[in-house]
Amino acid sequence: MSISRICQVVRRHLFQYSMILTGIWFLPASSLADQLAQNENLNPLRINGFLSQGYVKTDKNNFFGKSDGKGSLDFRELGLTASLRPIGKLQLSGQLLWRRAGKGSRHGISIDFGFLDYSIITKPAGEFGIRLGRTKNPLGFYNDTRDVPFTRPSIILPQSIYFDRTRNLALASDGAQLYGESRTDWGNLTAQFGTVFPQVHDRDTEVSILGANRPGDLKTRLSYIGRVAYELPNGRFRFAVSGARVNAGYDPGINDRLDSGLLKFTPLILSAQYNAERWSITSEYALRIFQLQDFGVPAFEKKFTGESIYLQGTYRFTPKWEAMLRYDLLFTDRTDRSGKKYAADAKGPAHSRFAKDLTIGLRWNVTPSIMLATEYHRVNGTAWLSSLDNPDITHAKQHWNLFSFQASYRF
């Protein structure tokens, strides 16, 4: 999405945020003057970046490119991040990203995020503020930082919750987000809530939702998202509850058999983590209510609830070496976990409705700026495969193996 498009979205829906913005404009003039007086002590501009190159090899099916056979080098990420703090409580942040990960992400440079952050209250006991623009979606433990390889626990995140085939939809949205944090002796409580417009314009999202490239286009609509998290002061335990109500419409094209339908997607994610000196255990459970309606075609009038869970253990041998073990489960419809009813209705193979993934990984932090990682996946099911990388996905193999390697650098 271009900068002009973001500006159009903000202008079009400005009335939705006017009450929030009014509170900012009427801050005391003395407060603004104090911040301006402190400018000489600020470091106003910071620039960081990262780049990575990955290799993916599968024995069957394709993931992140044509990986079946000799493997694929079609997995690379380059990001440039900048932040500017003109006054003490105001920060501008943005990131440009060039990402290649199979046929679903061939769209050149994109605005990964770009927003204005104003800290209305900043005290040792807590803070409260607002962000306007394209912000990260606060979902689960890893969605906020999933675009940077160094912040992921593995090369490929658990696909039952952090789908790569609908990555743009999940990663960030345009709109307004309120955030706050309370820091006490008994722990830290953080909360984020936003009214946003999700990204639904990319081809991978459309194919994942509608099953194919249609003559028409998905149109973003006002949606809601939020997360509440609690952490002990020593970081030993972390808990979070996050969710969203994602709304989108469909604008039919020429000779389109579909009407102007509606998409409603409501994920709810429960997250928990335990951290010790050398090891961590993380688990997340999600329910996903998915509904299509008013498309005028019986096949597009449906509602079902998906279910996901993973259990992940990480062990740090040394500050530079760590290993990871994870078991990840995805069910497209929790009332038909095996997919047998789906297959009996002649809609497709049963294994296209679930995925069970056992993952083993190893990571070497060569220096603070260089990281090498590798992992192996043993997968039963094809529910999180992209049909863009697998055009004949109905004939995808149920049992398959995936090996990946990634080299990353940051500055």
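Buried means under 20% relative accessible area, exposed means over 50%, and partly exposed lies in between, with a 1.4 Å probe and protein chains only. On that scale, buried residues make up 48% of the 411 residues in the protein chain.

The model is predicted: local features need pLDDT of at least 70, side-chain atom pairs count only at pLDDT 80 or more, and totals for chains, interfaces and linings use all residues. Residues are numbered from 1 along each chain as its sequence is written, and side-chain values use heavy atoms, with hydrogens and water left out.

**Exercise 1. State how many helices and strands the protein chain has, and what share of its contacts is long in sequence.**

Step 1. Helices (H or I, at least four residues) and strands (E, at least two) are DSSP runs, numbered from the N terminus. The chain comes to 6 helices and 17 strands.

Step 2. A contact means heavy atoms within 4.5 Å. Among contacts with a separation of 6 or more, 62% join residues 24 or more positions apart.

**Exercise 2. Identify the residues with the most contacts inside the largest nonpolar core, and the elements that supply this core.**

Step 1. A nonpolar core is a set of buried Ala, Val, Leu, Ile, Met, Phe, Trp, Tyr and Cys residues joined through side-chain atoms within 4.5 Å.

Step 2. The largest such core has 30 residues, and those with the most contacts inside it are Tyr 162, Ile 209, Leu 210, Leu 292, Phe 295 and Phe 300.

Step 3. Elements giving two or more residues to this core are α5 (203–210), β9 (223–231), β10 (237–251), β11 (262–275), β12 (279–293) and β13 (302–316). The largest share, 5 residues, comes from β10.

Step 4. Apart from this core lies another, of 18 residues, among them Phe 64, Phe 75, Ile 156 and Ala 355.

**Exercise 3. Determine how far α5 is covered, and by what.**

Step 1. Of the 8 residues of α5, 6 are buried. They are Asp 204, Thr 205, Glu 206, Val 207, Ile 209 and Leu 210.

Step 2. The cover over these buried residues includes α4 (167–171), β8 (217–220), β10, β11 and β12.

Step 3. Just after α5, Gly 211 takes a positive phi of about 90°.

**Exercise 4. Place Phe 300 and list its contacts beyond four places in sequence.**

Step 1. Phe 300 lies in the loop between β12 and β13. Its relative accessible area is 6%, so Phe 300 is buried.

Step 2. Leaving aside neighbours within four places in sequence, Phe 300 is in contact with Leu 210, Arg 214, Arg 257, Leu 258, Leu 292, Gln 293 and Phe 295.

Step 3. From C-alpha to C-alpha, Phe 300 and Gly 211 are 9.9 Å apart in space, and they are 89 residues apart in sequence.

**Exercise 5. Describe the two cavities by volume and lining.**

Step 1. On a 1 Å grid over the protein atoms alone, a cavity is a set of points where a 1.4 Å probe fits but cannot get out; lining residues have an atom within 4 Å of a point. Grid points are joined across faces, edges and corners, and a volume is the space filled by probe spheres set on the points. A search of the whole structure finds 2 cavities of 30 Å³ or more.

Step 2. The largest cavity holds about 110 Å³. It has 16 lining residues, and the closest to its centre are Pro 153, Ser 154, Ile 155, Arg 363 and Ala 373. β16 (370–381) is one of the elements that supply at least two lining residues, and β16 gives the most, with 4.

Step 3. The second largest cavity has a volume of about 80 Å³. Its lining includes Phe 64, Phe 75, Arg 99, Ile 155 and Asp 164.

**Exercise 6. Decide whether Phe 64 and Ala 346 are buried or exposed, and give their phi values.**

Step 1. Most residues other than glycine have a negative phi.

Step 2. Phe 64, in the loop between β1 (45–58) and β2 (72–87), has a positive phi of about 55°. Phe 64 is buried, because its relative accessible area is 5%.

Step 3. Ala 346, in the loop between α6 (340–344) and β15 (354–365), has a positive phi of about 60°. Ala 346 is exposed, because its relative accessible area is 70%.

Methods. 1 Å grid on protein atoms, 1.4 Å probe; cavity = no way out; pocket = protein on both sides within 12 Å on 5 of 7 lines; lining within 4 Å.
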